Amino acid sequence: MRVLLILLLCVINISAQYYHNNNFDFSAIPVFWHIVDILSANEEPSVKDWDDLFNTPGYSVLTRREFSKDFFKKNFRLAFKPSLKDELNQKLQQNNKESYYLHYYVKVKNNREKLGYQLNKLKSRSLNKEALDLTLRYLPVNSVSSFPPVAFVIFENNGRGSSPIVVDLQATLEWDFISFLAHEFHHFYRNKLTKLDFNSMKKEDKPLVEAMIKIEAEGIADRVDKKKWFNSSYRQSSPYAYDFKNEVRKTPQLLTKINNLLEMYSLQESSRETLGKQIREIIPQKGHPTGYFMASLIEEKLGRNELVKCVGNPFRFFIAYHNAAKLSGNQYPKFSPKVLRLLTNMENHYISD
(Lines give C-alpha, C1' and ligand atoms only; values in the text may rest on other atoms or scores of the structure.)
Protein backbone atom coordinates (compact mmCIF):
# COMPACT_ATOMS: atom_id res chain seq x y z
CA MET A 1 0.00 0.00 0.00
CA ARG A 2 2.82 2.36 0.88
CA VAL A 3 4.56 1.65 -2.46
CA LEU A 4 1.33 2.41 -4.33
CA LEU A 5 0.99 5.69 -2.43
CA ILE A 6 4.55 6.71 -3.36
CA LEU A 7 3.91 5.85 -7.02
CA LEU A 8 0.70 7.87 -6.95
CA LEU A 9 2.51 10.88 -5.52
CA CYS A 10 5.15 10.60 -8.25
CA VAL A 11 2.45 10.56 -10.93
CA ILE A 12 0.79 13.60 -9.36
CA ASN A 13 4.14 15.41 -9.27
CA ILE A 14 4.85 14.67 -12.95
CA SER A 15 1.31 15.73 -13.88
CA ALA A 16 1.77 19.00 -12.02
CA GLN A 17 4.90 19.72 -14.05
CA TYR A 18 3.07 19.10 -17.30
CA TYR A 19 -0.38 20.50 -16.63
CA HIS A 20 -0.15 23.31 -14.13
CA ASN A 21 2.58 25.37 -15.77
CA ASN A 22 4.66 25.65 -12.61
CA ASN A 23 7.46 27.12 -14.73
CA PHE A 24 5.30 30.17 -15.59
CA ASP A 25 5.90 33.40 -13.67
CA PHE A 26 3.14 36.03 -13.72
CA SER A 27 4.50 38.23 -10.93
CA ALA A 28 5.15 41.23 -13.21
CA ILE A 29 1.54 41.60 -14.37
CA PRO A 30 -0.15 42.82 -11.14
CA VAL A 31 2.81 45.15 -10.50
CA PHE A 32 2.48 46.50 -14.05
CA TRP A 33 -1.24 47.24 -13.57
CA HIS A 34 -0.49 48.86 -10.20
CA ILE A 35 1.86 51.28 -11.97
CA VAL A 36 -0.72 51.86 -14.73
CA ASP A 37 -3.31 52.78 -12.08
CA ILE A 38 -0.94 55.23 -10.38
CA LEU A 39 0.00 56.92 -13.66
CA SER A 40 -3.64 56.99 -14.81
CA ALA A 41 -4.40 59.02 -11.66
CA ASN A 42 -1.75 61.54 -12.76
CA GLU A 43 0.51 60.50 -9.92
CA GLU A 44 4.07 59.20 -9.89
CA PRO A 45 5.02 55.66 -8.88
CA SER A 46 7.45 55.55 -5.98
CA VAL A 47 10.99 54.27 -6.25
CA LYS A 48 9.73 51.08 -4.58
CA ASP A 49 6.96 50.69 -7.18
CA TRP A 50 9.47 50.80 -10.02
CA ASP A 51 11.89 48.55 -8.15
CA ASP A 52 9.10 46.03 -7.59
CA LEU A 53 8.49 45.97 -11.36
CA PHE A 54 12.13 45.73 -12.44
CA ASN A 55 12.93 43.06 -9.86
CA THR A 56 10.41 40.62 -11.33
CA PRO A 57 12.15 37.89 -13.37
CA GLY A 58 10.93 39.07 -16.78
CA TYR A 59 11.72 42.77 -16.45
CA SER A 60 14.97 41.93 -14.69
CA VAL A 61 16.32 40.02 -17.70
CA LEU A 62 14.99 42.60 -20.18
CA THR A 63 16.65 45.50 -18.38
CA ARG A 64 19.92 43.61 -18.03
CA ARG A 65 20.16 42.61 -21.68
CA GLU A 66 18.26 44.99 -23.91
CA PHE A 67 16.03 47.75 -22.51
CA SER A 68 16.90 50.46 -20.02
CA LYS A 69 14.71 51.09 -16.99
CA ASP A 70 14.30 54.66 -18.21
CA PHE A 71 12.84 53.31 -21.46
CA PHE A 72 9.94 51.73 -19.59
CA LYS A 73 9.51 54.66 -17.20
CA LYS A 74 9.38 57.19 -20.03
CA ASN A 75 7.04 55.23 -22.30
CA PHE A 76 4.71 54.03 -19.56
CA ARG A 77 4.34 57.63 -18.35
CA LEU A 78 3.53 58.82 -21.87
CA ALA A 79 1.08 56.01 -22.56
CA PHE A 80 -0.83 56.11 -19.28
CA LYS A 81 -0.61 59.60 -17.74
CA PRO A 82 -3.57 61.84 -18.72
CA SER A 83 -1.52 65.03 -18.21
CA LEU A 84 0.79 63.90 -21.02
CA LYS A 85 -2.07 63.20 -23.46
CA ASP A 86 -1.15 66.00 -25.89
CA GLU A 87 2.45 64.84 -26.10
CA LEU A 88 1.27 61.24 -26.50
CA ASN A 89 -1.06 62.12 -29.39
CA GLN A 90 1.71 64.04 -31.10
CA LYS A 91 4.10 61.10 -30.86
CA LEU A 92 1.46 58.57 -31.93
CA GLN A 93 1.20 60.39 -35.27
CA GLN A 94 4.88 59.79 -36.01
CA ASN A 95 6.06 56.68 -37.82
CA ASN A 96 9.05 55.54 -35.78
CA LYS A 97 10.10 53.03 -33.15
CA GLU A 98 8.88 55.20 -30.27
CA SER A 99 5.39 55.46 -31.76
CA TYR A 100 5.31 51.67 -32.23
CA TYR A 101 5.82 51.10 -28.50
CA LEU A 102 3.36 53.82 -27.50
CA HIS A 103 0.63 52.44 -29.79
CA TYR A 104 1.26 49.03 -28.27
CA TYR A 105 1.02 50.21 -24.66
CA VAL A 106 -2.20 52.11 -25.39
CA LYS A 107 -3.62 48.90 -26.89
CA VAL A 108 -2.59 46.98 -23.76
CA LYS A 109 -4.40 49.46 -21.52
CA ASN A 110 -7.58 49.18 -23.64
CA ASN A 111 -7.37 45.36 -23.50
CA ARG A 112 -7.07 45.10 -19.73
CA GLU A 113 -10.20 42.98 -19.29
CA LYS A 114 -9.23 40.60 -22.12
CA LEU A 115 -5.76 40.25 -20.67
CA GLY A 116 -7.25 39.31 -17.32
CA TYR A 117 -9.19 36.46 -18.93
CA GLN A 118 -6.09 35.42 -20.86
CA LEU A 119 -4.03 35.31 -17.70
CA ASN A 120 -6.49 32.88 -16.13
CA LYS A 121 -6.38 30.67 -19.24
CA LEU A 122 -2.58 30.58 -19.16
CA LYS A 123 -2.66 29.56 -15.50
CA SER A 124 -5.11 26.73 -16.01
CA ARG A 125 -4.51 25.23 -19.46
CA SER A 126 -1.91 22.53 -20.15
CA LEU A 127 0.68 24.22 -22.37
CA ASN A 128 4.18 22.88 -21.66
CA LYS A 129 3.88 19.45 -23.22
CA GLU A 130 2.11 20.76 -26.32
CA ALA A 131 4.90 23.27 -26.91
CA LEU A 132 7.67 20.80 -26.07
CA ASP A 133 6.37 18.20 -28.53
CA LEU A 134 6.76 20.76 -31.33
CA THR A 135 10.18 21.89 -30.12
CA LEU A 136 11.72 18.42 -29.86
CA ARG A 137 11.14 17.79 -33.56
CA TYR A 138 13.96 20.28 -34.24
CA LEU A 139 16.38 19.47 -31.41
CA PRO A 140 19.15 16.80 -31.36
CA VAL A 141 17.68 15.28 -28.18
CA ASN A 142 14.59 13.14 -27.63
CA SER A 143 13.67 14.41 -24.17
CA VAL A 144 14.51 17.08 -21.61
CA SER A 145 14.65 16.94 -17.81
CA SER A 146 12.71 20.14 -17.13
CA PHE A 147 10.73 22.89 -18.77
CA PRO A 148 12.21 26.37 -19.27
CA PRO A 149 11.19 29.15 -16.89
CA VAL A 150 8.77 31.54 -18.63
CA ALA A 151 8.11 35.08 -17.37
CA PHE A 152 5.13 37.09 -18.63
CA VAL A 153 5.46 40.86 -18.93
CA ILE A 154 4.33 43.79 -21.08
CA PHE A 155 7.09 45.09 -23.34
CA GLU A 156 6.37 44.52 -27.09
CA ASN A 157 4.48 42.14 -29.37
CA ASN A 158 7.17 39.49 -29.07
CA GLY A 159 9.13 37.18 -26.81
CA ARG A 160 12.77 36.55 -25.95
CA GLY A 161 14.55 33.18 -25.77
CA SER A 162 16.48 34.18 -22.67
CA SER A 163 16.52 32.51 -19.26
CA PRO A 164 13.82 32.99 -18.19
CA ILE A 165 12.05 33.07 -21.53
CA VAL A 166 10.22 36.38 -21.64
CA VAL A 167 6.76 36.49 -23.22
CA ASP A 168 4.58 39.54 -23.69
CA LEU A 169 1.08 38.86 -22.33
CA GLN A 170 -0.67 40.89 -25.05
CA ALA A 171 1.28 38.93 -27.68
CA THR A 172 -0.34 35.71 -26.44
CA LEU A 173 -3.67 37.10 -27.67
CA GLU A 174 -2.31 37.93 -31.12
CA TRP A 175 -0.14 34.91 -31.93
CA ASP A 176 -0.70 31.16 -32.08
CA PHE A 177 0.58 30.88 -28.54
CA ILE A 178 1.56 27.19 -28.47
CA SER A 179 3.71 27.66 -31.59
CA PHE A 180 5.03 30.93 -30.20
CA LEU A 181 6.03 29.21 -26.94
CA ALA A 182 7.57 26.26 -28.80
CA HIS A 183 9.75 28.68 -30.79
CA GLU A 184 11.03 30.27 -27.59
CA PHE A 185 11.52 26.84 -25.99
CA HIS A 186 13.77 25.98 -28.95
CA HIS A 187 16.00 28.99 -28.26
CA PHE A 188 16.27 28.03 -24.59
CA TYR A 189 17.39 24.46 -25.27
CA ARG A 190 19.51 25.43 -28.29
CA ASN A 191 21.53 27.83 -26.15
CA LYS A 192 22.25 25.02 -23.68
CA LEU A 193 23.32 22.63 -26.45
CA THR A 194 25.66 24.93 -28.40
CA LYS A 195 29.39 24.20 -28.22
CA LEU A 196 30.34 27.65 -29.48
CA ASP A 197 32.26 29.80 -27.00
CA PHE A 198 31.43 33.31 -28.13
CA ASN A 199 33.27 35.00 -25.24
CA SER A 200 36.71 33.61 -26.19
CA MET A 201 36.33 34.58 -29.84
CA LYS A 202 38.59 37.05 -31.64
CA LYS A 203 37.14 40.54 -31.47
CA GLU A 204 37.23 40.99 -35.25
CA ASP A 205 35.19 37.80 -35.83
CA LYS A 206 32.42 38.57 -33.35
CA PRO A 207 30.15 40.71 -35.59
CA LEU A 208 30.11 38.05 -38.33
CA VAL A 209 29.56 35.16 -35.94
CA GLU A 210 26.83 37.11 -34.16
CA ALA A 211 25.02 37.50 -37.50
CA MET A 212 25.48 33.81 -38.31
CA ILE A 213 24.18 32.76 -34.88
CA LYS A 214 21.02 34.82 -35.42
CA ILE A 215 20.47 33.27 -38.85
CA GLU A 216 20.98 29.69 -37.63
CA ALA A 217 19.12 30.04 -34.32
CA GLU A 218 16.11 31.89 -35.72
CA GLY A 219 16.01 29.91 -38.95
CA ILE A 220 15.71 26.52 -37.26
CA ALA A 221 13.36 27.80 -34.55
CA ASP A 222 11.15 29.31 -37.26
CA ARG A 223 10.70 25.82 -38.73
CA VAL A 224 8.97 25.02 -35.44
CA ASP A 225 6.28 27.68 -35.74
CA LYS A 226 6.22 29.34 -39.18
CA LYS A 227 6.00 26.51 -41.71
CA LYS A 228 2.21 26.82 -41.78
CA TRP A 229 2.50 30.45 -42.89
CA PHE A 230 3.50 29.15 -46.33
CA ASN A 231 0.50 26.84 -46.74
CA SER A 232 -1.99 28.30 -49.23
CA SER A 233 -4.87 27.27 -46.94
CA TYR A 234 -3.46 29.10 -43.90
CA ARG A 235 -4.65 32.65 -43.34
CA GLN A 236 -2.14 34.84 -41.56
CA SER A 237 -3.09 38.49 -41.81
CA SER A 238 -0.49 40.14 -39.58
CA PRO A 239 1.82 42.71 -41.18
CA TYR A 240 4.80 40.90 -39.68
CA ALA A 241 3.88 37.63 -41.41
CA TYR A 242 3.45 39.44 -44.72
CA ASP A 243 6.85 41.16 -44.37
CA PHE A 244 8.45 37.89 -43.24
CA LYS A 245 7.27 35.97 -46.30
CA ASN A 246 8.32 38.81 -48.58
CA GLU A 247 11.84 38.82 -47.12
CA VAL A 248 12.07 35.02 -47.44
CA ARG A 249 11.37 35.38 -51.18
CA LYS A 250 14.22 37.89 -51.48
CA THR A 251 16.74 35.69 -49.65
CA PRO A 252 18.54 34.25 -52.75
CA GLN A 253 19.68 37.74 -53.79
CA LEU A 254 20.78 38.45 -50.22
CA LEU A 255 22.80 35.21 -50.04
CA THR A 256 24.65 36.18 -53.21
CA LYS A 257 25.57 39.47 -51.56
CA ILE A 258 26.61 37.68 -48.35
CA ASN A 259 28.82 35.30 -50.34
CA ASN A 260 30.61 38.27 -51.97
CA LEU A 261 31.17 39.91 -48.58
CA LEU A 262 32.44 36.63 -47.10
CA GLU A 263 34.93 36.29 -49.96
CA MET A 264 36.27 39.75 -49.07
CA TYR A 265 36.24 38.69 -45.41
CA SER A 266 38.45 35.68 -46.19
CA LEU A 267 41.00 37.86 -48.00
CA GLN A 268 41.08 41.06 -45.91
CA GLU A 269 41.86 40.23 -42.30
CA SER A 270 42.26 43.89 -41.36
CA SER A 271 38.68 44.62 -42.51
CA ARG A 272 36.98 41.66 -40.86
CA GLU A 273 35.25 43.57 -38.10
CA THR A 274 33.85 46.13 -40.57
CA LEU A 275 32.71 43.47 -43.04
CA GLY A 276 31.14 41.42 -40.26
CA LYS A 277 29.15 44.44 -39.11
CA GLN A 278 28.07 45.06 -42.69
CA ILE A 279 26.74 41.50 -42.99
CA ARG A 280 25.03 41.80 -39.62
CA GLU A 281 23.29 45.00 -40.74
CA ILE A 282 21.96 43.71 -44.09
CA ILE A 283 20.15 40.65 -42.71
CA PRO A 284 16.49 41.61 -42.21
CA GLN A 285 14.37 40.99 -39.11
CA LYS A 286 17.26 39.81 -36.92
CA GLY A 287 18.00 36.83 -39.17
CA HIS A 288 14.53 35.25 -39.19
CA PRO A 289 13.65 35.17 -42.91
CA THR A 290 17.23 34.49 -44.07
CA GLY A 291 17.57 31.61 -41.65
CA TYR A 292 14.13 30.26 -42.47
CA PHE A 293 14.92 30.10 -46.19
CA MET A 294 18.22 28.31 -45.53
CA ALA A 295 16.73 25.90 -42.97
CA SER A 296 13.83 25.08 -45.29
CA LEU A 297 16.17 24.15 -48.13
CA ILE A 298 18.35 22.04 -45.82
CA GLU A 299 15.31 20.14 -44.55
CA GLU A 300 13.88 19.72 -48.06
CA LYS A 301 17.08 18.50 -49.74
CA LEU A 302 19.03 16.84 -46.90
CA GLY A 303 16.31 15.90 -44.43
CA ARG A 304 15.33 17.06 -40.96
CA ASN A 305 18.06 14.99 -39.27
CA GLU A 306 20.76 16.96 -41.10
CA LEU A 307 19.09 20.22 -40.15
CA VAL A 308 18.89 19.16 -36.49
CA LYS A 309 22.65 18.39 -36.53
CA CYS A 310 23.20 22.12 -37.19
CA VAL A 311 21.50 23.27 -33.96
CA GLY A 312 23.98 25.43 -32.05
CA ASN A 313 26.58 25.37 -34.87
CA PRO A 314 26.12 28.29 -37.31
CA PHE A 315 29.12 27.27 -39.44
CA ARG A 316 27.71 23.80 -40.04
CA PHE A 317 24.36 25.43 -40.83
CA PHE A 318 25.89 27.55 -43.60
CA ILE A 319 27.82 24.58 -45.02
CA ALA A 320 24.67 22.41 -44.92
CA TYR A 321 22.80 25.12 -46.82
CA HIS A 322 25.54 25.07 -49.49
CA ASN A 323 25.20 21.29 -49.81
CA ALA A 324 21.42 21.62 -50.12
CA ALA A 325 21.79 24.35 -52.74
CA LYS A 326 24.09 22.07 -54.76
CA LEU A 327 21.28 19.51 -54.91
CA SER A 328 18.95 22.18 -56.29
CA GLY A 329 21.11 22.63 -59.41
CA ASN A 330 21.45 26.30 -60.26
CA GLN A 331 18.15 27.29 -58.69
CA TYR A 332 19.65 28.77 -55.53
CA PRO A 333 23.00 30.48 -54.82
CA LYS A 334 25.87 28.42 -53.40
CA PHE A 335 28.96 29.57 -51.52
CA SER A 336 32.33 29.82 -53.25
CA PRO A 337 35.31 27.55 -52.40
CA LYS A 338 36.97 30.48 -50.57
CA VAL A 339 33.90 30.97 -48.39
CA LEU A 340 33.60 27.25 -47.67
CA ARG A 341 37.25 27.17 -46.52
CA LEU A 342 36.58 30.18 -44.30
CA LEU A 343 33.51 28.51 -42.74
CA THR A 344 35.38 25.25 -42.16
CA ASN A 345 38.33 27.04 -40.53
CA MET A 346 36.02 29.03 -38.26
CA GLU A 347 34.16 25.88 -37.26
CA ASN A 348 37.47 24.19 -36.37
CA HIS A 349 38.54 27.18 -34.27
CA TYR A 350 35.31 28.07 -32.52
CA ILE A 351 33.32 24.85 -32.04
CA SER A 352 34.55 22.54 -29.30
CA ASP A 353 34.15 18.77 -29.54
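**Exercise 1. In this predicted model, list the contacts of Pro 140 beyond its sequence neighbours and describe its setting.**

Step 1. With residues up to four places away in sequence set aside, Pro 140 touches Leu 193, Val 308 and Val 311.

Step 2. Pro 140 lies in the loop that runs between α9 (128–136) and β2 (150–153).

Step 3. The relative accessibility of Pro 140 is 45%. Buried requires under 20% and exposed over 50%, so Pro 140 counts as partly exposed.

Step 4. Leu 39 is 101 residues away from Pro 140 along the chain, and their C-alpha atoms are separated by 48 Å.

**Exercise 2. Work out the strand order of the sheet and the sense of its pairings.**

Step 1. The sheet is open and has four strands, in the order β1-β2-β4-β3, with mixed pairing.

Step 2. β1 (24–25) and β3 (159–160) are the edge strands, each pairing on one side only.

Step 3. β2 and β4 run parallel and are joined by four bridges. Within this pairing, Phe 152 has Val 167 of β4 as its bridge partner.

Step 4. β3 pairs with β4 (residues 165–168) in the antiparallel sense, over two bridges. Here Gly 159 is partnered by Val 167, and Arg 160 by Val 166. A hairpin of four residues connects β3 to β4.

Step 5. As background, strands of a sheet pair through backbone hydrogen bonds, which may be parallel or antiparallel.

**Exercise 3. Decide whether the residues on the two sides of β4 are buried or exposed.**

Step 1. In a regular strand, side chains alternate between the two faces of the sheet.

Step 2. In β4, Ile 165 and Val 167 are on one side, while Val 166 and Asp 168 are on the other.

Step 3. All of these residues are buried, and both faces of β4 are therefore covered.

**Exercise 4. Judge how compact the chain is for its length.**

Step 1. The secondary structure comprises 19 helices and four strands.

Step 2. The radius of gyration is 23 Å, close to the 20 Å given by the globule rule for 353 residues, so the chain is as compact as a globular protein of that length.

Step 3. The C-alpha trace spans about 70 × 65 × 45 Å along its principal axes.

Step 4. Of the 353 residues, 50% are buried. Among contacts with a separation of 6 or more, 71% are between residues 24 or more positions apart.

Step 5. The chain exposes about 17,900 Å², of which carbon and sulfur atoms supply 49%.

Step 6. The chain has 50 positive and 39 negative charges, and the mean positions of the two sets are 4 Å apart.

Definitions and conventions:
Residues numbered from 1 in each chain as written. Predicted model: local features only at pLDDT ≥ 70, side-chain atom pairs only at ≥ 80, totals over all residues. Heavy atoms only, no water. Rg over C-alpha atoms; globule rule 2.2 N^0.38 Å. Buried < 20%, exposed > 50% of the residue type's maximum accessible area, 1.4 Å probe, protein only. Contact = heavy atoms within 4.5 Å. Areas by Shrake-Rupley, 256 points an atom, 1.4 Å probe, with all protein chains shown as cover. Lys, Arg positive; Asp, Glu negative; His and termini not counted. Charge placed at Lys NZ, Arg CZ, Asp CG, Glu CD. Pairing = 2+ DSSP bridges.
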